[in-house]
Structure formats: structure tokens, C-alpha cells
Amino acid sequence: MTERAPDGWTVTEQGLWHAFRHGRIHDLRVGAAEQDDPFGDADWGPGRTVRAEVLSRLLLDGPTAVSGRVASLKLTGALIAGPLRLAGGTISHYVELHECRFEQKVLMSEAEAGTVRFVGCLIPRLEASRLATSGDLHLARCRFPQGVRLTDARIGTDLLLNQAVLGGDRFGRALSADGLAVSQDFEAERLEAVGEISLRTARIGGRFSLRGARLQAVPENPNALNAPRITVGHTLYLSSSADRGWTDSRSYYGSGYGQVIPPSASSTPFRAYGRVRLSDGRFENACLISGAEFHLGEGDELALRRIQTPELRFTCRTPPTGPVSLSRARIGNLVDSPEAWPHGRHLGLTGFTYECLRPAVPFTVRQRIAWLEGSSVDFQPESYEQLAAALRRDGADDDAREVLYAKQRRRRQTLPLPSRIWGRIQDATVGYGFRPNRAALWLLLAWALGSLYFATHELQPLKADERPHWNPVLYALGQLLPVVDLGQQGWNPGGTSQWVAAGLVIVGWVLATTVAAGASRMLQRG
């Protein structure tokens, strides 16, 4: 390879040739913000124009580096004329383009590269399916009016789409990245997408952050985020992003990554307008849905079916406007708040299991019961059992019994009329066994009424020659507690008195056992 640029290259392109060999930045900006804005209307003439075939020549068959230097393509403020064709090629040099304007799409499908950085560039479309990089792929602050395709791409370290703006292709997809594999982090904070973000079966080794992103579905494709069977090695962030470090910032990393935003700090929420599908996802550390807004239209939902994660944080400031499904999801810690969940029976909890409840704000047991009864199906006994078990694990036995009591009352609504009537009697008298105090009051009332009756209806003795001392109060108590001998067993009730005595025995057995069970629980807690 000669040490001078090929014949026919312009002065600008020859300057890029020499900058490539020296590993220097070739900066074509003029120093005026309006003139240098790649997204503006300023005309970039021949002095700032580089043909795409020149970039291809440098990257695929470039000159050797100057002694002691590393050859690399570093270009800023250029207009790239024509399609950049790198598909199937091997790019062995470092690539970094800042604030460039591409006339046509960039083609990198099935290419191999080290680190590739397009930062703040206008690119009509990026075609990079099955791209394999050993380093980073940075697309921060870029605009892609016709979207990005990264299907089955393999990113060796990090993928950055922070502050990028994506439009949709003819299928309504802004990012087509099914089967994507990222070895470390995938950051797409403050991303703006009009069209579907498709990440089916994607695998992310570290964190996947969509904090402060705005995802807008389009009429031809109702999905805003479509990521079933996604695997995230650390944490998924669908949460707000602190404005500090982003507003009016040229940085594409932001600040405070991974930190909790103070309540008083200004922030931008994650917003999704359309369906969000994370079904069958695996999040090895946590799934954080906090400070997010889900604007769900007719037929849309937030699908979290069968996800698995050690912690799910669901603390939205406003509830989703449509259904949320957690059917058969398996969670370790459930961190939530009452106002975060949707209203109007838009919650799917069939087979939803969790180990511990860790509410972010006070969440009373009555609110928990209302949360269950807001489920989209009529009656699910296993949901009540699951909640009661979680409360018991936290030592909240009284709350667990309250949940099981609510389960019986809800179950009664599903029974035939005779069973509902009997259920109401059980509820009013003993509270299905969960209200021992109520049973004790009924027991006292039965004792008082029995005592009044027998005070005016003295019984005859069993043996005419033996007449024990008559005490109507002790006799009524002896009938209610037949296992206790109070010295009033020598009387022979007959007629109406016999029926009253039998009634006291039956009432006593039912109510006394309920009271005894309640007392036993009290002693066990002690």
C-alpha cells in the first residue's frame, strides 16, 4: 500500500486518508452551532463531503499506520455521500464518527468489527443483522428515521442507544433486535422510539436500562416494547431518569447510573404508549418498574406472564391505563405500592407466586385484599392462600387470618343460594372461625337467654327422692359447656325445656370450639 491517497480522491478525502494513518481525528466542523448541527438544515458543501466508498476502502482495505501510531477512523462533522457498504466485511480498525450526516443507510450485516461508535449522527437506517463486535457498539444521540436492525447481532461488551431517536420501518419497527446478544450492558436511556422495540429472545449479560425512554407504538404495529423470553443477567430498568446530567448535556452517558433518584429531584419517567410484552423473561437480579407510565389503549396490556426474578419493584406514580398480567410469574421480593396497580379488574394474578412482601409505602391488609379482588377473574382461592402464606412468613399472623376470612366471604358469592344462606349464618356468628371474639359474644348471649328462660321454667329432678339445689344460671352454662360438670346434671327437662336445652348444647359445641381455637392461637403467639 502506498503512502499517498488514491487518485481521484478530493482534498477532504485525502486529509481523512492521512488522519486514518496517524490515528487522528479528522474534524470538518466550522465552529458555528447552527452550521455544524447534523440534524439541522444547513447545507454542507463539497468541503465537508466524504464519499461512503472512501470509508469502506479505509475500513476494509486501508493503508498501514504511520510508524508508532495505530490506524483508526475518527471523523467528525462530515456529510457521507452514498450508502456505506460494510456487510460481510472484517473491520479490524477502531471506528468513531461524531456528528456526521449520512445521505443513505449504513449496511453492516454479518460484518465483524472491534469497537464501533456512531455518536450524534443522522443515519437514515442501520442494517446490522448478525453483526459481531469484540468491543462496544455505540449509537448514542443518533437519529435513525427508518430504524435500526440488529437481529441476531453479537456485541462483545456494551451496546449504547442513550438519547437516540428512532423512527419505524415499513413494518412499524423502530428497533428490530430479536436474538440480540450483549455481553455486558445495554443502555437505552432517554431513547425516543416511534415504532416497536423488538427484543424477542434477546440475551443481555449485564443491565438493560430504558430509564427515561419514550416508546410510541404506531397504528400498523401496536407493540411499544416486545421482549418475550428476554434474559437479563443483572437488572431491567423501566424507570424514571434524573434530569440532572441529561438536560442540555452533550454527554451520552448521563450521570448517577444505578442510583436512586431523590423524591424531590426533577426526573423524566419511562413512558410507553402501546403494548409492553416481557412474558417469560428472566431477570437475574431485579426487574424495576418505578416512575413509569403505561398508556395502554384498547386491547393493550403490560404482560409480565411467567417472568422470573429475585425482586420485582412495581412503584409507578400513576397506575397503568390497561390490564397488567402477572399470571404464573415467580418473584422473590415483591416491592410495590397501592397506587401503582391498575383499577377496574385489570389485574391478572392466576398462579402468581412470591416469597416476601416488601411494600415501598404502607400497604394495609385491607388494601392487599382489595388488590386481590381487583383481579381479572371472579375467584381464585390460590391467590388468597399465596398472600396469607407470605404474610405468615413475615410474622403477620393476624393479617394472614384476615386474608383467609376474606377468601371465605369471596367464595360464598360463588355458591348456590342455600349455601350462601348458610355461609351468611356462619359469617354472622363465628366469622368462619376467624372471629373468635364474635363467637364469645354469641356464647354469652346464649348463656344469658338460657339463664332467663330457666329462671322462669324450673325443671323437675331426675329422681323424685333427690332434689339438688336449682341454679338456672349454672344449668344454662352446663348445657353450653357439656364437658364441664357444674353440679346441675340431676334435672330432667321436658317439652319446650328439652328443646331449649338441646339448642344450648348445639350452640355451645359450635361456639365454644371456635373460642377455644382462638385462645389456642393466642397462646401459641405468646
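K407 and E385 form a salt bridge in which the closest N and O atoms are 2.4 Å apart. K407 belongs to helix α6 (residues 397-412) and E385 to helix α5 (residues 381-393), so this pair ties together parts that lie 22 residues apart in sequence. The two partners fall into separate accessibility classes: K407 counts as buried at 13% relative accessibility, while E385, with a relative accessible area of 34%, is partly exposed. The model is a predicted one, and the distances and areas given here are computed from its atoms.

The helix pair sits in a chain with many strands. The secondary structure of the protein chain comes to ten helices and 45 strands. The chain has 526 residues, of which 51% count as buried. Its accessible surface comes to about 24200 Å², and carbon and sulfur atoms account for 52% of that surface. Contacts across the sequence can be described in a similar way. Among the contacts between residues at least 6 apart in sequence, 53% join residues at least 24 apart.

One part of the strand arrangement can be followed strand by strand. Six strands make an open sheet in the order β15-β19-β23-β27-β33-β37, and the pairing is parallel. At the edges of this sheet are β15 (143-144) and β37 (292-295), each of which pairs on one side only. The partner of β15 is strand β19 (residues 165-166), and these two pair in the parallel sense over two bridges. For a single point of reference within this pairing, F144 has L166 in β19 as its bridge partner.

Strand β23 of this sheet also helps to locate a residue with an unusual sign of phi. R190 is in the loop between β22 (186-187) and β23 (192-194). Its phi is near 60 degrees, a positive value in a residue other than glycine. Is R190 buried or exposed? With a relative accessible area of 16%, R190 is buried, because the cut-off for that class is under 20%.

On the other side of β22 is D185, found in the loop between β21 (181-182) and β22. D185 is buried as well, with a relative accessible area of 16%. What does D185 touch, leaving aside residues up to four places away in sequence? Its contacts are T157, D158, L159, G206 and R207. The contact with R207 can be given in more detail: a polar atom of the D185 side chain lies 2.8 Å from the backbone nitrogen of R207.

E99 brings together a positive phi and a salt bridge. This residue is in the loop between β7 (94-98) and β8 (101-102). Phi of E99 is near 50 degrees, again a positive value in a residue other than glycine. E99 is buried, and its relative accessible area is 12%. Its salt-bridge partner is R29, with the closest N and O atoms 3.8 Å apart. The pair links distant parts of the chain, since R29 is in the loop between β1 (25-27) and α2 (33-36), E99 is in the loop between β7 and β8, and the two are 70 residues apart. R29 counts as partly exposed, at 38% relative accessibility.

A further salt bridge joins D136 and R117, whose closest N and O atoms are 3.6 Å apart. This pair also links distant parts of the chain: D136 is in the loop between β13 (132-133) and β14 (137-138), R117 is in strand β11 (residues 116-119), and 19 residues separate them. Here D136 and R117 are both buried.

How many salt bridges are there by the rule used here? The count comes to 25 salt bridges. Some of the charged residues are joined beyond a single pair: E13, R51 and E53 are linked in a network of salt bridges.

The last point concerns cysteines. A search of the whole structure finds zero disulfides. Two cysteines can still be placed by their accessibility. C316 is buried, with a relative accessible area of 1%, and C356 counts as buried at 18% relative accessibility.

Technical notes:
Residues are numbered from 1 along each chain as its sequence is written. This is a predicted model: local features need pLDDT of at least 70, side-chain atom pairs count only at pLDDT 80 or more; totals for chains, interfaces and linings use all residues. Side-chain values use heavy atoms; hydrogens and water are left out. Helices (H or I, at least four residues) and strands (E, at least two) are DSSP runs, numbered from the N terminus. Buried means under 20% relative accessible area, exposed over 50%, partly exposed in between (1.4 Å probe, protein chains only). A salt bridge is a side-chain nitrogen of Lys or Arg within 4 Å of a carboxyl oxygen of Asp or Glu. Two strands pair if DSSP finds at least two bridges between them. Contact means heavy atoms within 4.5 Å. Accessible areas come from the Shrake-Rupley method with a 1.4 Å probe; for residues, only the protein chains shown count as cover. A disulfide is a pair of cysteine sulfur atoms within 2.5 Å. A polar contact is a pair of N or O atoms within 3.5 Å; within protein, one must be able to donate a hydrogen and the other to accept it, and residues adjacent in sequence count only if both atoms are side-chain atoms.
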